[in-house]
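Here are some notes to read beside the model. Please keep the structure open and find each residue as it comes up.

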Amino acid sequence: MTDRLQYGTTAKVFHWLIVALLLIQYPIGWLMPDVHRGMTPGDAMTWHISIGVVILALIVLRLVWRLTHPVAPESSLAPWQRLTSEAAHWLLYLLVLATTISGWLFASFRGWSISFFFVTPLPMLASESSTAIRAINHWHQKFEWALLILIGLHVAAALAHVFVFRNRVMQRMLPG
């Protein structure tokens with residue numbers, strides 16, 4: 001175990017960059033037109049997938065950083081709070097990974113040639129497959145809803161630490 005009690009600047013930057021990008025990503029995903037057979041991706045889809053790839057890269061870097069720079073659990077928390085906090089954090093990593101990869105797979109199964117922010121083509125993760133499109137779209141939507149619910153619970157828990165428990169748990173991830 002580590003004796004580091006606070007998240008460092010790098011962990012905080014990863015965390016808040018991912019938060020900011022998810023705040024942009026969800027509205028783009030919900031406001032872009034529905035995808036139908038035979039359609040080609042528009043600008044909104046290019047933005048959505050490009051931002052998703054950035055989120056994917058950041059969450060992988062954040063995960064590597066967390067594994068190589070662990071922070072001790074908050075000692076003031078009850079054991080059940082430490083356990084649920086740890087489980088929620090790992091589930092957040094898993095859901096961000098699953099959501100971003102399934103979205104990229106969706107574009108690949110559709111055979112879309114997507115450019116990264118309109119500059120360079122992204123590699124296809126799979127070949128075009130009309131049978132896989134429906135399944136991966138289903139899972140992408142399930143992952144995004146599960147992620148959104150877990151984010152809501154995460155934010156609610158952070159606010160509970162500020163306003164109900166009145167401890168300094170949230171300060172561990174705040175800038176400064």
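**Notes on the model**

1. Glu86 and Arg66 form a salt bridge, and their closest N and O atoms are 3.1 Å apart. The pair joins distant parts of the chain, with Glu86 in helix α3, Arg66 in helix α2, and the two positions 20 residues apart. Bear in mind that this is a predicted model. Glu86 counts as partly exposed because its relative accessibility is 34%, and the buried range is under 20%. Arg66, at 11%, is therefore buried.

2. How many salt bridges are there by this rule? The count is two. Besides the Glu86 pair, the side chains of Arg172 and Glu74 meet at 3.7 Å, N to O. This salt bridge also links distant parts of the chain: Arg172 is in the segment after α4, Glu74 is in the loop between α2 and α3, and they are 98 residues apart. Arg172 has 7% relative accessibility, so Arg172 counts as buried.

3. Next, the core. In soluble globular proteins, nonpolar side chains tend to be buried together. The largest nonpolar core here has 32 residues, and the members touching the most others are Ile49, Ile55, Ile114 and Leu147. At least two residues of this core come from each of α1 (9-31), α2 (43-68), α3 (79-110) and α4 (130-163). Apart from neighbours within four places in sequence, Ile55 contacts Ile18, Leu21, Leu22, Gln25, Val96 and Thr100.

4. Helix α4 has 34 residues and spans 50 Å from its first C-alpha to its last, close to the 50 Å expected at 1.5 Å a residue. Which residues of α4 are buried? They are Ala132, Ile133, Ile136, His140, Glu144, Leu147, Leu150, Ala158 and His161. An α-helix has 3.6 residues a turn, so residues three or four places apart point the same way. The cover over the buried residues of α4 includes α1, α2 and α3.

5. Gln81 belongs to helix α3. Is Gln81 buried or exposed? Gln81 counts as buried because its relative accessibility is 13%. Not counting residues up to four places away in sequence, Gln81 touches His161 and Phe165. Of these, His161 is one of the buried residues of α4, while Phe165 lies in the segment after α4.

6. Phe165 counts as partly exposed because its relative accessibility is 44%. Together with Val155, Leu159, Phe163 and Val164, Phe165 makes a nonpolar surface patch of about 500 Å².

Conventions:
Residues numbered from 1 in each chain as written. Predicted model: local features only at pLDDT ≥ 70, side-chain atom pairs only at ≥ 80, totals over all residues. Heavy atoms only, no water. Core = buried A, V, L, I, M, F, W, Y, C linked by side-chain atoms within 4.5 Å. Buried < 20%, exposed > 50% of the residue type's maximum accessible area, 1.4 Å probe, protein only. Helix = DSSP H or I, 4+ residues; strand = E, 2+ residues; numbered from the N terminus. Contact = heavy atoms within 4.5 Å. Patch = residues over 30% accessible without salt bridge, like charges linked within 9 Å, V, L, I, M, F, W, Y side chains within 5 Å. Areas by Shrake-Rupley, 256 points an atom, 1.4 Å probe, with all protein chains shown as cover. Salt bridge = Lys/Arg side-chain N within 4 Å of Asp/Glu carboxyl O. Expected span 1.5 Å × (residues − 1).
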